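Work through the exercises below with the coordinates at hand. Each task is followed by a solution in steps.

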Amino acid sequence: MRFAMLKEHQAATGDVTAFDGSILYLPILLPQPVSLKAQRRSDREEITITIQITKVLEPSSDLCIPFYNVVFRRVMRILDMKLVGRNFFEPDQATVLQHYRLQIWPGYSVSIRKKDGGLFLLVDAIHKVIRSDSVLNFMHAIYKQSVSSFQDECTKQLVGNVVITRYNNRTYRIDDIDWDKTPRDSFTLASGEEITFVDYYSKAYGITIRELDQPLLIHRPKEKQMPEGKRLLDMILLVPELTFMTGVPEMRKDSRVVKDVMREMLQSPSQHYARLTSLLRRIKDSPEASQELMRWGLSLDPDIHRTQGRVLPAERINMRHSSFIPTEDLNWNKEVTREASISAIAMHYWLLVYPKRLQDLAKNLVATMESVCGPIGMRVSRPALVELKDDRIETYTKTIRTVLGSEDKVQLLLCIISSSREDLYGAIKKLCCVQSPVPSQVGEGLSRRRPLAQGSCGHLQPRFSLFCPPAGHQRAVPCRPVGQDEERGPESPAAVELQAGWRALGGRHPPETSDGYRHGCLPRPQQRDALRHRLRGQHESVRGALGGKAFLPPPPWGCREGPTPASPLPPLCWERGEAAVLSKVSASVFMLGVAGRRRRQRRPLARPRRRISGKGTASAELGSVSVTQRLGGLRLARGVPDARPPSVLSILTKWYSRVVFQMPHQEIADSLRLCLADALQHFHEMNHCLPKKIVVYRDGVSDSQLNTVLKYEIPQMQKCFDTFENYQPSMVVMVVQKQISTNFYTLTAEQFASPPPGTVVDHTVTSSDWQDFFLLAHRSRQGCSIPTRYVCVLNTANLSCEHLQRLTFKLCHLYWNWPGTVRVPAPCKYAHKLAFLSGQVLHREPSAQLCDKLFFL
């Protein structure tokens, strides 16, 4: 409305204007003051528009950045792109997956930023998945499946999901369902007029609502989402018939859907580059779009920016009896399946709980573990078998509580459940992590039926999958159970599948396993090594939960290691006297990781929400490093590797975790002082000294919050030093940003490809206000390689940028649940694991008895 009223006075403002709803940008200086009259269309009331000069901006001013983005948004609209949220999409170019009733909209995320090298247009090719069926159709499908519990099922499956209204291309999160209202009900317009939903959509959009008895969806807007000067709405009511689901929530468990959707969305570096250059050509070939930029003196380069990067030297991986330099993709899965780990905790007394109908599966699992765990350095005794008569929740919890109450030496509890049930999984985890603390793993027994070869005979065995949490990504491999005939290859119906993992679109099965193998496709000679690798994935979870250590790169301190001849970096060593003695240095360095994660809100807001007792944050900390994660109504922090006493090891191998909670929508941690003091005390108990240097990795912070971290969070942590007498350590605080739109390519033989792991860019495209760098620590197996951005907001330890890059790269090697590098430092990765478990499953703090174990893997 404001735009329309201002547009009526182009004779006074001129044709070249940029207006964002409150600020008017002009290339000319108007006589002051300017007062204009306009009529508001909604109620015909006369409005006075006053234009007053506030500032004259230089083209290089930071205040011009919002204006440049306003201009470019207009350019995108000229190209007939639709604004959805903050991004632009092309519904006319959508790919339709008719079989799944899905549409995939191609689009772009665009913004103009000021960098060290000048003004840059940041563009990323993105997609949005839209359901072809409306929410009303989705509700009809639920009604056919469960008539008696229809309303409860709708609330459970819809609340928390994001929907889009196609008549204005806006997205909303469903917060509740109003079963008492229908489109026949009335609401009040801004003019004060009462109108029914049926009449409103007919007059405003020419849409006829066909089903008049449908309930209405409720969206509760946040106050910050409301435009300035606009009345704050308590709720927005949406008609299910006119709203469409986004994403594939209930289809994520179907691997075929995930595979087909990912095939359309994943782009190789060459394809991604083609999408970006296509947008640049479209702007250049459009006279109106080019003219819009030229009117403001703006122009775009015809190609993406090219700059020079560096590759950090490869880290040597140390096992118990040997060390090696990993391959170019920084993956050492073959080596770890043949070499013993640095240390492994022997499992002398552990429990295996399973329902009676899966007893054959339980026996096969035990036999397979015994045969495979030996070569990788883990001694596993026979478990105490606990057989259940059925698979009800009450049967599991009562039996486990009874057994754990009578036995105090249980090292691990392994449960087999017959199907993927989040309620059963949550009940077991709450029992084992809160009420009767013991490291635990939950496995799912799956029956796989596959046709037997002609002329063969035998029976079908179930397969076993270890997963944590229940909706996680699974690394899988078929393998020959113990006792199976050697001549029967991977196509045999008898198979055992071991899965543990991370998430791929929330699905049960990834499009491709981590090493490229598919179910039932491994050549026979590779079966045992692959099984060892898969079991090692679960073994790392078990060993971490018990306190063992896997593989390690050289420590990030001490002068014994230097760069390779081709490396442009100096050796990574501390510049003070203690650098020469590795054991002393390890005991004087403390690393703290802080990350955040929101809890998915699936309950209707109209009902009272379950509150966590007490205020604060969920945080976990480990010896040297602590990590914080945020979950909807709670926040979690968790620690990372902590140095052991000087007489034991001079590397980061000991972990300590702590969880605290804070209120919903609270981004900045307010319990860091408590968490850090607790971690320092634990460090002192183990090393008999306090660290001289503290390195903090803070995850989950946007650019707009960097100053808040500097002025609010860091002083919190520094105040905790007063708890100890005469203690003032030096500190480094690094902000970790994963959600960025920057993509890196490398040009080889005139072809774009993903850069090698260890690629660093610390100039030109970095911030002009902060010391930052981009690090690509992992190998992307599909799509483009997206680096992680690290922003140094404090550095009283006077570590050089090269030292920070090497230290960060080393920490990306320390995630023991994967034989390779991960995208973020291990402290942040562990923090997300703990945050997910505590926020999505436990909904409370884990027991303090588990704080020194990686029980959340």
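**Exercise 1.** Which residues in helix α7 (residues 255–265) are buried?

Solution. The model is a predicted one. Apply the cut-off for burial, under 20% relative accessible area. In α7, the buried residues are Val-257, Val-258, Asp-260, Val-261 and Met-262. Next, look for what lies over them: the cover includes the strands β7 (95–97), β8 (102–115) and β9 (118–134).

**Exercise 2.** Determine how helix α16 (residues 672–687) and helix α17 (residues 706–719) pack, and classify their contact by residue type.

Solution. Start with the axes: they are 8 Å apart, at an angle of about 40 degrees. That angle makes α16 oblique to α17, because angles under 35 degrees count as roughly parallel and 65 to 115 as roughly perpendicular. The hand of the crossing is right-handed.

Then list the residues that meet. From α16 come Leu-672, Arg-673 and Leu-676, and from α17 come Glu-713, Gln-716, Met-717 and Lys-719. Sorted by type, the residues of this contact are three nonpolar, one polar and three charged.

**Exercise 3.** Describe the surroundings of Asp-20, and state whether Asp-20 is buried, partly exposed or exposed.

Solution. Locate the residue: Asp-20 sits in the loop between β1 (18–19) and β2 (24–25). Its relative accessible area is 33%, so Asp-20 is partly exposed. Leaving out residues up to four places away in sequence, Asp-20 touches Phe-3 and Val-70. Finally, compare sequence with space: Asp-20 and Pro-66 are 46 residues apart in sequence, and their C-alpha atoms are 9.0 Å apart.

How values were computed
Residues are numbered from 1 along each chain as its sequence is written. This is a predicted model: local features need pLDDT of at least 70, side-chain atom pairs count only at pLDDT 80 or more; totals for chains, interfaces and linings use all residues. Side-chain values use heavy atoms; hydrogens and water are left out. Axes are lines fitted to C-alpha atoms, for helices over the stretch in contact, and angles run from 0 to 180 degrees between N-to-C directions. Helices (H or I, at least four residues) and strands (E, at least two) are DSSP runs, numbered from the N terminus. Angles under 35 degrees count as roughly parallel, over 145 as roughly antiparallel, 65 to 115 as roughly perpendicular and the rest as oblique. A crossing is left-handed if the near helix is turned anticlockwise from the far one by less than a right angle, and right-handed if clockwise. Contact means heavy atoms within 4.5 Å. Ala, Val, Leu, Ile, Met, Phe, Trp, Tyr, Cys and Pro count as nonpolar, Asp, Glu, Lys and Arg as charged, and the others, Gly among them, as polar. Buried means under 20% relative accessible area, exposed over 50%, partly exposed in between (1.4 Å probe, protein chains only).
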